[in-house]
Amino acid sequence: MINRTMPTVSDLVLLGGGHANIQVLKMLAMNPIGGLRITLISDQTHSPYSGMLPGYLAGYYGYEDCHFDLRRLCEELGQRFIKAKIIGIDPERKKIQLENRPEIRYDCASINVGIAPRRIENLAPASAAKLIPLKPISQFIAHWDRLIADLKAYQGAAPLPLAVVGAGAAGVEIAIILKMLIDQNDWNAEVSLIHRHDFLVSAQDTRAQKQLSTTLAAAGIRVLPNTEVLRLQENGLRLKDERGQLHTQEVYRALIATQAAAPPWFNSSGLPVDPDGFVKVSEKLLVEHQDALFAAGDCIHFAPSPLKKAGVYAVRQGRILEHNIRAFFTRQDAMKTFRPKKAVLSLITVGDRKAIAHQDSASVLHWLPPSLLWRVKDTIDRRFMQRFQARTFALKPAHFNPVMPRPKFTLVPEDWQDNTCGGCGSKLAASTLTQSLNQLTIPQDDSVLLGVKDGEDCALTRFSEQALCLQSLDQFRAFLSDPFVFGQIAAQHALSDVYAMGGTAKTAQVGLTLAPATARIHREDIFQLMSGVLDSLTSSGVALVGGHTGEGAELAIAISVQGEVGPQQVLRKQLTRAGNRLILTKPIGTGVIFAANMLAQANGKWVDAALFSMLQSNKLALEAIRPFDIAGCTDITGFGLLGHAFEMIGKNTIGVKIDYQAIPLFDGARDLFAKGYSASLAERNYQSLRSALSPDLNPANFPALFDPQTSGGLLFSVPFEQTQDCLQALYRSHVVNACVIGEVIDRNAMIVM
């Protein structure tokens, strides 16, 4: 995560990772506005480029070739990425509503979200599994992969009947590619193309009509024009043909590429929409009756002259959108008008690395051979993608300092004064803190007599007289740009120390250091961070009782946890029994993944998987292993697996033998280790143990042993005869990555195989 040296003054929020918003993100990062923070919100880490989807399905492109890695791109450009589902917007309050997390405030926002095919009415519940909607594309790809697997496995005598519903460009391309794959692989299946009109794609281009009809016929695809799909029944599609006659066509799967439908939250949010639910925008791409809310792409109804749902419009809107957003913040230039071209050119993939030109007006491209048109399309698409993909290095560069351009314009007032004092002089204003805390709903706890909102110098709590008290403190810098998730993980990390000792966490206090910003931005950041902290604390039954805030160079958090444990339930680090098996409950690799992520070199899916694990509470593992005879337990955090295992040995007469190949690693960790990436603490972890290790036991040969973990798993030992039962208990508690990684041996040694 790139640290900011300029205070944050205003927030631009990009809703969705569509083609227009991607361009806004890149252009504003390359020519930044001082004091402007950009946040991209999407429920997908990888956003597909629709123009390359047919080539991907045909096998011409890899997944990374045709997807924007939004997390990596934001990291490289120094902007915030929040992975969340958008469920609404309140333009009056300037708040974006997200699923299962707090609202996000904006000063200006741009909507460029996905669309879905219009639903088939009267859908029988038992037949829903037969439908494969084309949109959203991310879900379609998963359905497509399952369909291809089914076709490979099918051994029946009768061909599997497949139908593509809708003969726009996407429907035609998918029908042709699906039949091409069937023929190439000798799968036993047939394809039909069903559509409501008497033309393919559009009525104007008669030359392209003939070419497409010839291609479909040559491929052996049955075309049913002027046919309406009335419903999907358990035994197939109920159709009405051009003569008005009804009949049922058997279908194994129906791929739906019909007319698009708008996200339902447009209408429920009270946005101005057309009869089909698409948000209305002016020629400036401003949502009607709004002065701080823009929209672009397929999700809009362009009020001056309605447009087809074509990705080319979103691409062309990107520059206008960026200019107008810049004009909104700087007030230096007038907003520009988007003037769409009347004739949209489409290059339609027709399989076998060939394409057909489709345009509503005369075009010289009609006369080019399909193989040359494919090369033209391939070149255009690859060049577009290259503009918005983070740089990838084969090996970790010796020096890599992501330097962003200096702003030519700034929103920071000339009389801005940084909070440069130390000590208590660096605290945030009382009003800022109070207003943030008042937004939080802090659960009541009977053990808390005086808490966070009572204004006393200390919290006052009452615990059981029969329990021992546990206290712990953790602190670290921000390692990702989403403050809510950062707060969630920081809390889970802090709570883990209590669970590692067999205890129950009861109360917590939080210290926040925030980067320079306006009071309004500070209030928003405190609210987001503390909402994440509270989410983890509340789900674990822990009361928030107090804390401290201050301003510093960068975002950081400290959490103190107090807990209790019964005298007979205390778990210690020290291993005591030779022959016990060592069990680790979470994979290793958060250190190297986030070290690479800070250089924009970690695939977004790798980061997603690591975050998912870091959000899992070790309380689940503790509760699962309580019935077993645990001897030695700790949580794996900053010292790495070997450092914490070394603590478990201590000065005892026993040691450990670790099977390096048995250590579970996060996806991507092995690749990043091989490229030379490592967390800054990894080398220091090695040096602190070096004198006690054999020469070959080093980070070059065994990097996972020294990788520092954030919110890592538990490491503990159980008797050999209890191992399988213990693992099954963990699996039943959804601790699915738990595994045996070694054993306790009867001599003081650290052996790694």
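Helices here are DSSP runs of H or I with at least four residues, numbered from the N terminus. With that settled, a reminder that what you see is a predicted model. I have three topics: a cavity, a helix, and two loop residues.

The cavity, then. The structure holds two cavities of 30 Å³ or more, and I will talk about the second largest, which has a volume of about 50 Å³. Which helix gives the most to its lining? That is α3, with three residues. Helix α3 covers residues 70-77, and α13 covers 590-597; each of these supplies at least two residues of the lining. If you want to pick the lining out on the screen, start with Arg71, Cys74 and Glu75, then go to Gln79 and Phe81. Further along the chain, Leu480 and Ser481 also line this cavity, as do Phe594, Asn597 and Val607. Sorted by class, that makes five nonpolar residues, three polar and two charged.

Next, helix α4, residues 137-153. This helix has 17 residues, and from first C-alpha to last it reaches 24 Å, close to the 24 Å expected at 1.5 Å a residue. Its buried residues are Ile137, Phe140, Ile141, Trp144, Leu147, Ile148 and Leu151. Why do we say they sit on the same side of α4? Because they cover an arc of only 125 degrees around the axis. Gln139 and Ala153 are on the other side of α4, and those two are exposed.

Last, two residues with positive phi. Neither of the two is a glycine.

Lys94 is in the loop between β7, residues 86-90, and β8, residues 95-98. Its phi is positive, at about 55 degrees. Is Lys94 buried or partly exposed? The cut-off for buried is under 20% relative accessible area, and exposed means over 50%. Lys94 has a relative accessibility of 24%, so it counts as partly exposed.

Ser711 lies in the loop between α18, residues 680-689, and β36, residues 714-718. Here phi is about 50 degrees, again positive. With a relative accessibility of 4%, Ser711 counts as buried, because that value is under the 20% cut-off.

To go back over the main points: α3 gives three residues to the lining of the second largest cavity. The buried residues of α4 are on the same side of that helix. Of the two loop residues, Lys94 is partly exposed, whereas Ser711 is buried. That is what I have for today.

Technical notes
Residues are numbered from 1 along each chain as its sequence is written. This is a predicted model: local features need pLDDT of at least 70, side-chain atom pairs count only at pLDDT 80 or more; totals for chains, interfaces and linings use all residues. Side-chain values use heavy atoms; hydrogens and water are left out. On a 1 Å grid over the protein atoms alone, a cavity is a set of points where a 1.4 Å probe fits but cannot get out, and a pocket is an open set with protein on both sides within 12 Å along at least five of seven lines; lining residues have an atom within 4 Å of a point. Grid points are joined across faces, edges and corners, and a volume is the space filled by probe spheres set on the points. Ala, Val, Leu, Ile, Met, Phe, Trp, Tyr, Cys and Pro count as nonpolar, Asp, Glu, Lys and Arg as charged, and the others, Gly among them, as polar. The expected span of a helix is 1.5 Å times one less than its number of residues. Buried means under 20% relative accessible area, exposed over 50%, partly exposed in between (1.4 Å probe, protein chains only). The arc is that of the directions from the helix axis to the C-beta atoms.
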